[in-house]
Amino acid sequence: MNKTNKKFSLWLSKTDIKYDSSINLSEYSYFKSGGLAELILFPTNHEELVECIKNLNEFEVLFRVIGETTNLIFLDDVNYSCLISTSKITYLHFDEKTEEIVSDCGTKLPALSRFALSHLITGMEGLEGIPGSVGAAVFMNAGAYGDEIKNTLVSVDVILKDGAIKNYKSHELELSHRNSIFRTKKRDEIISRCYFKGNKGD
């Protein structure tokens, strides 16, 4: 991150979005590895995530988006600049009209699985033991015990560089074993909100 970026510093001082600076990633990350991060932003909802993406791109601040860090290894000798954590973006909702589960990207997979169970929806049981977030699970089409994200995923909302929202249907994501279009084509799009629909069961 360019420390002389006055516009970004001004935005940061005025925003209500929580953040920490000079983070030792070995104390923060799941695998207890990594050097320093100059800044980690912690948006708490979809709107704040949009604000972060839009402003960081506008001010030309390089950043990475992280979730629960369960599938990330931070290098000890690297000084990371700006990170956005989705760990606090955990909105979950059951839409009675469409019978879809709406989940924000930071929701933990066990929480999604149990939420589906509480609404008698099958197809997500195998996600219970995966210690990651929904956004990351879509990114790599996570799965276990015969269940994969692609089996119940209807569509995803992504945030573009300018803050605009675009929706992809699941068949557009080229979901295969531990893979998706986000992984293979390195798109400048951030997975924000996901929509799932399973079968009713006991």
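Here is a walk through a few parts of this structure, which is a predicted model.

Let's start with the open sheet of four strands. Its order is 1-2-4-3, and the pairing is mixed. The edges are strand 1 (18-24) and strand 3 (63-66), each of which pairs on one side only. If you look at how neighbouring strands of this sheet sit against each other, they are turned by 25° on average, ignoring direction. Take the edge at strand 3: it runs parallel to strand 4 (residues 79-85), and four bridges join the two. For a landmark along that pairing, find Phe63, which stands opposite Cys82 in strand 4. Packed on the sheet is helix 3 (residues 46-58), which touches strand 2 (36-42), strand 3 and strand 4. The direction of helix 3 makes about 145° with that of strand 4.

Now move along the chain to strand 12 (residues 190-196). How many of the residues of strand 12 are buried? Seven of the seven, so the strand is largely enclosed by the rest of the structure. Two of its pairings are worth tracing. Strand 6 (residues 100-104) runs antiparallel to strand 12, with four bridges joining them, and here Ser103 stands opposite Cys194. Strand 10 (residues 153-159) also pairs with strand 12 in the antiparallel sense, over six bridges. In that pairing, Val158 has Ile191 as its bridge partner in strand 12.

Strand 12 turns up again when you look at helix 4 (residues 109-118). The helix has Leu109, Pro110, Leu112, Ser113, Phe115 and Ala116 as buried residues. What covers them? The cover includes strand 5 (92-95), strand 6, strand 7 (121-122), helix 5 (134-140) and strand 12. After helix 4 comes Leu120, and its phi is a positive one, near 60°.

One residue of helix 4 deserves a zoom: Ser113. Is Ser113 buried or exposed? Its relative accessibility is 9%, and the cut-off for buried is under 20%, so Ser113 counts as buried. The side chain of Ser113 also has a polar partner, reaching the backbone oxygen of Met124 at 3.1 Å. Setting aside neighbours within four places in sequence, Ser113 is in contact with Met124, Glu125, Leu127 and Glu128. So Met124 shows up both in the contact list of Ser113 and as the residue whose backbone oxygen the serine side chain reaches.

How values were computed
Residues numbered from 1 in each chain as written. Predicted model: local features only at pLDDT ≥ 70, side-chain atom pairs only at ≥ 80, totals over all residues. Heavy atoms only, no water. Buried < 20%, exposed > 50% of the residue type's maximum accessible area, 1.4 Å probe, protein only. Pairing = 2+ DSSP bridges. Contact = heavy atoms within 4.5 Å. Polar contact = N/O pair within 3.5 Å; in protein donor to acceptor, adjacent residues only side chain to side chain. Axes fitted to C-alpha atoms, helices over the stretch in contact; angles between N-to-C directions.
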